[in-house]
Amino acid sequence: MPHLTLEYTGNLPLVAKDLLLAINKTLAESGHFQEADIKSRALRFDDFAVGIAPDARAFVHAKLVILTGRSTEVKRQLAEAVLATIQNAGNWPADLDVQLCVEMQELERETYAKTHFQS
Amino acid sequence: MPHLTLEYTGNLPLVAKDLLLAINKTLAESGHFQEADIKSRALRFDDFAVGIAPDARAFVHAKLVILTGRSTEVKRQLAEAVLATIQNAGNWPADLDVQLCVEMQELERETYAKTHFQS
Amino acid sequence: MPHLTLEYTGNLPLVAKDLLLAINKTLAESGHFQEADIKSRALRFDDFAVGIAPDARAFVHAKLVILTGRSTEVKRQLAEAVLATIQNAGNWPADLDVQLCVEMQELERETYAKTHFQS
């Protein structure tokens with residue numbers, strides 16, 4: 001933990017790999033996580049729909065999953081730090097309505113199973 | 001909010017983009033959401049497995065994520081409306097066992113962060 | 001139910017389809033599910049980042065979603081059984097740090113909607 005998933009619509013000129021590294025840096029600097037535990041991935045969607053109007057729209061949606069036990073205040077700070085990192089990531093196209101959002105999700109510690117092979 | 005993710009197995013002849021628009025229309029007409037807030041995307045899976053028998057099987061799974069605060073009754077109605085929209089979406093292949101399902105998930109309002117660039 | 005999603009980084013030599021079948025077998029043998037209800041899919045990520053160091057790292061992350069009502073002990077056993085199945089799946093590259101993890105998630109029975117077309 002944590003796990004981060006970055007979803008974005010295919011009409012955005014995002015360099016996903018660079019943004020993931022920037023987010024990981026933000027999370028590492030928050031002091032809440034071990035650097036090597038931060039696991040992030042990006043998903044680009046070519047099939048998407050925002051509402052039902054034919055407007056030019058796009059979105060970026062990050063989901064950050066952490067173990068239970070942190071306060072609402074800490075979770076809010078983490079969400080806002082990730083949002084700011086995404087916001088700073090690039091030149092958002094002026095001809096698109098772009099929604100950026102970050103959701104926090106918690107996982108039960110008791111049932112989380114993991115292992116590690118070290119090289 | 002809301003966020004919808006439509007997952008489907010690659011052996012189904014779905015036109016994902018059309019189905020997303022139909023689902024968005026259903027959600028907009030429910031009266032529970034602002035039209036432009038409905039963010040939907042589709043994921044096609046070419047690597048999948050249903051059970052362990054060699055039968056010809058397929059599935060469609062929609063996840064609808066909304067903010068906390070709606071009653072179980074409203075959530076059930078939304079799930080059933082999305083399910084009906086999927087069911088009406090196409091000619092389901094007669095030679096496949098097809099499972100359709102809709103799950104509802106709630107997000108904490110307190111830790112949801114978002115912003116918007118308008119063109 | 002259950003739904004399983006297997007996420008893995010693209011630098012791992014996984015045969016996703018085979019691993020899904022092995023996991024489904026594990027889940028069917030647990031006695032907690034009907035065989036045909038086990039719906040699994042895999043997602044390979046080519047855009048990913050583990051931490052911020054330039055080390056060679058990889059991960060596999062499985063999410064198992066079940067209906068509410070099972071004990072923490074049963075959920076832990078299921079997570080560990082899935083983890084063991086992944087661990088046995090292959091020759092993990094000796095030159096990569098590989099993290100394997102399994103998360104359990106529960107869905108409200110009351111708002112889960114589904115239907116089935118049988119061939």
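The following questions and answers go through the chain contacts and the sheet of a predicted model. Residues are numbered from 1 along each chain as its sequence is written, with chains lettered from A and ligands numbered from 1 in the order in which they are written. Local features need pLDDT of at least 70 and side-chain atom pairs count only at pLDDT 80 or more, while totals for chains, interfaces and linings use all residues; side-chain values use heavy atoms, with hydrogens and water left out.

Student: In what order do the elements of chain A run from the N terminus on?
Tutor: Chain A has two helices and six strands. Helices (H or I, at least four residues) and strands (E, at least two) are DSSP runs, numbered from the N terminus. From that end on, the elements of chain A run β-α-β-β-β-α-β-β.

Student: What is the strand order in the open sheet of six strands?
Tutor: Two strands pair if DSSP finds at least two bridges between them. The pairing in this open sheet is mixed. Its six strands have the order S6(B)-S5(A)-S4(A)-S1(A)-S2(A)-S3(C).

Student: Why is one side of some strands left without a neighbour in the sheet?
Tutor: The strands concerned are strand S6 (113–117) of chain B and S3 of chain C. One side of each has no neighbour in the sheet because each stands at an edge with a single partner strand.

Student: How many bridges pair strand S1 with strand S2 of chain A?
Tutor: S1 of chain A covers residues 3–9, and S2 of chain A covers residues 39–45. A:Thr5 stands opposite A:Arg41 in S2(A). The two strands pair in the parallel sense, and the number of bridges is seven.

Student: At about what angle to S1(A) does helix H1 of chain A run?
Tutor: Axes are lines fitted to C-alpha atoms, for helices over the stretch in contact (heavy atoms within 4.5 Å), and angles run from 0 to 180 degrees between N-to-C directions. H1 (residues 16–29) of chain A lies across S1, S2 and strand S4 (57–67) of chain A together with S3 of chain C. Its angle to S1(A) is about 145 degrees.

Student: Which strands does helix H2 of chain A touch?
Tutor: H2 (residues 72–87) of chain A packs on the sheet, and its direction makes about 145 degrees with that of S5(A). The strands touched by H2 are S1, S4 and strand S5 (97–107) of chain A together with S6 of chain B.

Student: What area is buried between chain A and chain B?
Tutor: Buried area is the accessible area (1.4 Å probe) that two parts lose on being put together, summed over both. The contact takes 34 residues from chain A and 32 residues from chain B. Carbon and sulfur atoms carry 56% of the buried area, which is about 2800 Å².

Student: Which residues of chain A lose the most area to chain B?
Tutor: Three residues together account for 20% of what the chain A side buries. They are A:Asp47, A:Ile52 and A:Gln99.

Student: Which residue of chain A meets B:Glu35 in a salt bridge?
Tutor: A salt bridge is a side-chain nitrogen of Lys or Arg within 4 Å of a carboxyl oxygen of Asp or Glu. The count between chain A and chain B is three. In the bridge to B:Glu35, the N to O distance is 2.9 Å and the partner is A:Arg57.

Student: Which residue of S2(B) is the bridge partner of A:Val50?
Tutor: S3(A) and strand S2 (residues 39–45) of chain B run antiparallel and are joined by three bridges. The partner of A:Val50 in S2(B) is B:Lys39.

Student: How many residues of chain C are in contact with chain A?
Tutor: On the chain A side of this contact there are 32 residues. The area buried between chain C and chain A is about 2800 Å². The number from chain C is 34 residues.

Student: Which residue in S5(C) stands opposite A:His116?
Tutor: Strand S6 (residues 113–117) of chain A and S5(C) run antiparallel, with five bridges between them. The residue opposite A:His116 is C:Gln99.

Student: Which residue of chain C forms a salt bridge with A:Glu35?
Tutor: Chain C and chain A have three salt bridges between them. In the one to A:Glu35, the closest N and O atoms are 2.9 Å apart, and the residue from chain C is C:Arg57.
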